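Colleague: Please take a close look at one part of this model, the salt bridges, and say where they sit. A short word on the surroundings would help too.

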Amino acid sequence: MNQQKPTDNFPKKINASPAVLAMLEQEAKLVNNMRILFLIAIIVILIFSAVQSELNFFLFLEPERSVRIANYIKQYFPPDFTFWKLYLEDTLITISMGIWGTLLAAIAAIPLSILASNNIFPVWVVQPTRRILDAMRAINELVFALIFIVAVGLGPFAGILALFIHTAGALGKLFSEAVEAIEPGPVEGIRATGASKMQEVIYGVIPQVIPLWTSFTLYRFESNVRSASVLGIVGAGGIGVSLYQSFGSFEYRKVCAILIILILATSLIDYASAKVRNWLV
């Protein structure tokens, strides 16, 4: 019996080159029973999650609810900048918390990420390190802030420590993934000279991952400034204190002023980060 070629099913229907027919045949193989079952499983999970989280976008179409939301938003305008100097000082504290929380996290994440990389260390070192990183980033900054407030008292220092621990776990994972994606050639060349493990990392690994590490760190800095603005709600300093007090006293115009200052500060940080990234990378 003659074997049927992969493209035999296409010539009668499609007038195309053999390369195109081969590509179509390859794409046809992408649809199989396992992929269909996987797609069905995803749909089931999405439906289950929607039911569990009481997802209902039709609530916004209710006339009474829409009017209530519109009236609530009106209370935020015009913004009240009476205490803009205080808000600006608190925003600078928040940015400072983000700077130090990110810096300490990046310093800690470098050795942790190396230890968590499969292509650098054996599994009995990698797996425990990864579990430590999982624990560090699994707990929200607010929870860490509550813990450190008990340890060091109210104020920005507790917020810095909270950002440091959580961000170190996140950066450690991202840094390790960058290390595992490096080209092995430079490392093997350095190893062939009889270099130590430390020298392999310093001269073979780090030069390859510096651009990605820089991008990840700058992104986390932007994220940490936003997170630091919330930590003040639990007493960890920064603009969150004023934000919480304004919400608590229903002074929504002051809340609007604080949010505008935060948006402007975040935009400036994003612009500065992009410039630094282009300069370093």
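**Salt bridges and surroundings**

Modeller: Asp-134 and Arg-131 meet through their side chains in a salt bridge, at 2.9 Å from N to O; the term means a side-chain nitrogen of Lys or Arg within 4 Å of a carboxyl oxygen of Asp or Glu. This is a predicted model, in which local features need pLDDT of at least 70 and side-chain atom pairs count only at pLDDT 80 or more, while totals for chains, interfaces and linings use all residues. Residues are numbered from 1 along each chain as its sequence is written, and side-chain values use heavy atoms, with hydrogens and water left out.

Both Asp-134 and Arg-131 belong to helix α5 (residues 123–138), 3 residues apart, about one turn of the helix. Helices here are DSSP runs of H or I with at least four residues, numbered from the N terminus. Asp-134 is partly exposed at 26% relative accessible area, and Arg-131 is partly exposed at 44%; buried means under 20%, exposed over 50%, and partly exposed in between, with a 1.4 Å probe and protein chains only.

Another of these pairs is Lys-173 with Glu-177, whose closest N and O atoms are 3.1 Å apart. Lys-173 and Glu-177 are separated by about one helical turn because they lie 4 residues apart in helix α7 (residues 156–180). Lys-173 has a relative accessible area of 34% and Glu-177 one of 39%, so each counts as partly exposed. Back at the earlier pair, salt bridges with shared partners join Arg-131, Asp-134 and Arg-137 into one network.

Glu-62 and Arg-65 also form a salt bridge, at 3.4 Å from N to O. Glu-62 is partly exposed at 35%, and Arg-65 is partly exposed at 27%. Over the whole structure, the search finds 7 salt bridges.

Arg-65 falls within the residue range of helix α3 (residues 63–74), which gives the most to a nonpolar surface patch, with 3 residues. That patch covers about 810 Å² and includes Leu-55, Phe-57, Tyr-72 and Phe-247. Its area comes from the Shrake-Rupley method with a 1.4 Å probe, for residues with only the protein chains shown as cover. Patch residues have over 30% relative accessible area and no salt bridge; like charges are joined within 9 Å, and nonpolar side chains (Val, Leu, Ile, Met, Phe, Trp, Tyr) within 5 Å. Tyr-72 lies in helix α3 and is partly exposed, with a relative accessible area of 32%.

Technical notes
Helices (H or I, at least four residues) and strands (E, at least two) are DSSP runs, numbered from the N terminus.
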